[in-house]
Amino acid sequence: MSIWEYANPTKFMGWSGKALPWVAGLAAICTVVGLFWGFFLTPDDYRMGSTVKIIYIHVPSAMMAINIWGMMLLTSLIWLIRRHHVSALAARAAAPVGVVMTVIALVTGAIWGQPMWGTWWAWDPRLTSFLILFLFYLGYVALWAAIDNPDTAADLTSVLCLVGSVFALLSRYAVNFWNQGLHQGASLSLDKEENVSDVFWQPLVLSIAGFILLFIALVLLRTRTEIRARRLHALETRERMG
Amino acid sequence: MPELGKYASEVLTAYGISLVLLIAIIAQSWLRAGKVRKALEEAEARRADA
């Protein structure tokens with residue numbers, strides 16, 4: 001069976017309905033245990049004090065804010081190239097979750113920055129590109145809501161997603177491009193032998209896994225809702241036409 | 001409750017706002033899913049009756 005058959009709305013509703021409770025359950029376990037572990041069971045950092053506990057929310061949400069846009073880019077490209085409706089609806093379903101993740105990253109970063117940097121906000125490359133990414137998220141959600149024809153909305157939002165990807169990339173790599181920013185380098189990296197100390201790293205990885213699973217669960221749930229909403233719209237239109 | 005020292009308000013505010021936002025997006029997704037599913041079932045029932 002071709003992988004594209006899973007994107008058939010009927011098939012998608014079938015497999016996603018079975019997967020959703022498991023993904024949601026795993027998301028709840030990982031997120032609750034990760035945040036509980038990070039908040040209650042880890043020591044203070046010798047420089048940052050107890051503000052180090054903010055990383056268990058800030059790092060996963062910032063990672064998700066960027067990666068959700070990456071997922072939207074992929075599904076938007078699939079829509080533009082192959083015209084799979086479920087992929088366009090998945091991108092639409094993901095955007096509000098991305099908005100929430102971006103707000104959490106910005107707010108927790110500002111709360112952490114005030115005592116550590118002495119300022120809530122700086123026009124640092126990563127912070128600025130993140131703020132622009134947030135504005136792109138808002139524009140994306142607004143554009144979907146503003147256009148009645150779903151295919152036209154999918155086309156235009158896909159193009160907007162392509163443009164916004166520049167800022168998603170900048171948000172991810174700004175700390176590598178520019179050295180003059182306040183924001184430190186990545187807390188976790190595949191090419192480093194050791195990132196943060198194990199005592200902070202283990203609950204952080206669990207929190208990240210929880211946020212990833214939470215996002216998958218929410219996207220499955222919201223995409224199923226979008227498919228049903230489209231079917232409902234078609235039935236209501238047919239009823240009105242008699 | 002862990003000893004949060006002089007940064008207690010910052011840490012608690014960060015966690016409080018984040019949890020409220022996470023719960024809000026979960027609740028909104030859940031409630032809309034239920035509402036749309038119910039409306040679709042009613043529309044399909046009307047169609048079957050017609």
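What follows is a chat about a predicted model with contacts inside chain A and between chains A and B.

Student: Before we start, what are the ground rules for this predicted model?
Tutor: Local features need pLDDT of at least 70 and side-chain atom pairs count only at pLDDT 80 or more, while totals for chains, interfaces and linings use all residues; side-chain values use heavy atoms, with hydrogens and water left out. Residues are numbered from 1 along each chain as its sequence is written, and chains are lettered from A, ligands numbered from 1, in the order in which they are written.

Student: OK, the interface. How many residues of chain A are in contact with chain B?
Tutor: 37 residues of chain A are in contact with 31 residues of chain B, where contact means heavy atoms within 4.5 Å.

Student: And what area is buried between chain A and chain B?
Tutor: About 3000 Å², and carbon and sulfur atoms give 74% of that. Buried area here is the accessible area (1.4 Å probe) that two parts lose on being put together, summed over both.

Student: How many residue pairs are in polar contact across the interface of chain A and chain B?
Tutor: The rule finds seven such pairs, both residues at pLDDT 80 or more. A polar contact is a pair of N or O atoms within 3.5 Å; within protein, one must be able to donate a hydrogen and the other to accept it, and residues adjacent in sequence count only if both atoms are side-chain atoms.

Student: Which elements give two or more residues to the side of chain A that touches chain B?
Tutor: Those are α1, α2 (55-82), α3 (85-117) and α6 (198-240) of chain A. Helices are DSSP runs (H or I, at least four residues), numbered from the N terminus. The largest share, 14 residues, comes from α6(A).

Student: What does that side look like by class?
Tutor: It has 24 nonpolar, five polar and eight charged residues. For the classes, Ala, Val, Leu, Ile, Met, Phe, Trp, Tyr, Cys and Pro are nonpolar, Asp, Glu, Lys and Arg are charged, and the others, Gly among them, are polar.

Student: How many salt bridges does the rule find across the interface of chain A and chain B?
Tutor: Three, with a salt bridge being a side-chain nitrogen of Lys or Arg within 4 Å of a carboxyl oxygen of Asp or Glu. Over all chains the structure holds five. One of the crossing bridges joins the side chains of Glu226(A) and Arg32(B), at 3.0 Å from N to O. That pair runs from helix α6 of chain A to helix α1 (residues 8-49) of chain B.

Student: Is Glu226(A) buried or exposed there?
Tutor: Buried, with a relative accessible area of 8%, whereas Arg32(B) is partly exposed at 31%. Buried means under 20% relative accessible area, exposed over 50%, and partly exposed in between (1.4 Å probe, protein chains only).

Student: Which other side chains meet in a salt bridge with chain B?
Tutor: Arg231(A) and Glu44(B) do, at 3.2 Å from N to O. Again the pair crosses between chains, from helix α6 of chain A to helix α1 of chain B. Glu239(A) and Arg46(B) also meet in a salt bridge, at 2.9 Å. Glu239(A) is partly exposed, at 38%, and Arg46(B) is partly exposed too, at 40%.

Student: Which residues do salt bridges with shared partners join into one network?
Tutor: Arg92(A), Glu226(A) and Arg32(B).

Student: Switching to rings: how many aromatic pairs are there over all chains?
Tutor: Nine. Rings of Phe, Tyr and Trp (its six-membered ring) pair if their centres lie within 6.5 Å; planes under 30 degrees apart are stacked, over 60 edge-to-face, and the rest tilted. Trp69(A) and Tyr137(A) have ring centres 4.9 Å apart and planes at 85°, so that pair is edge-to-face. Trp69(A) sits in helix α2 and Tyr137(A) in helix α4 (residues 125-146) of chain A, so the pair ties together parts 68 residues apart in sequence. Both Trp69(A) and Tyr137(A) are buried.

Student: Which other ring does Trp69(A) pair with?
Tutor: Tyr140(A), also edge-to-face, with 6.0 Å between centres and 70° between planes. Tyr140(A) is buried, at 1% relative accessible area.

Student: Which residues form the cluster with Tyr15(B)?
Tutor: Phe36(A), Phe39(A) and Phe40(A) join Tyr15(B) in one aromatic cluster.

Student: Last one: what's odd about Arg83(A)?
Tutor: Its phi is positive, about 55°, although Arg83(A) is not a glycine. Arg83(A) is in the loop between α2 and α3 of chain A.
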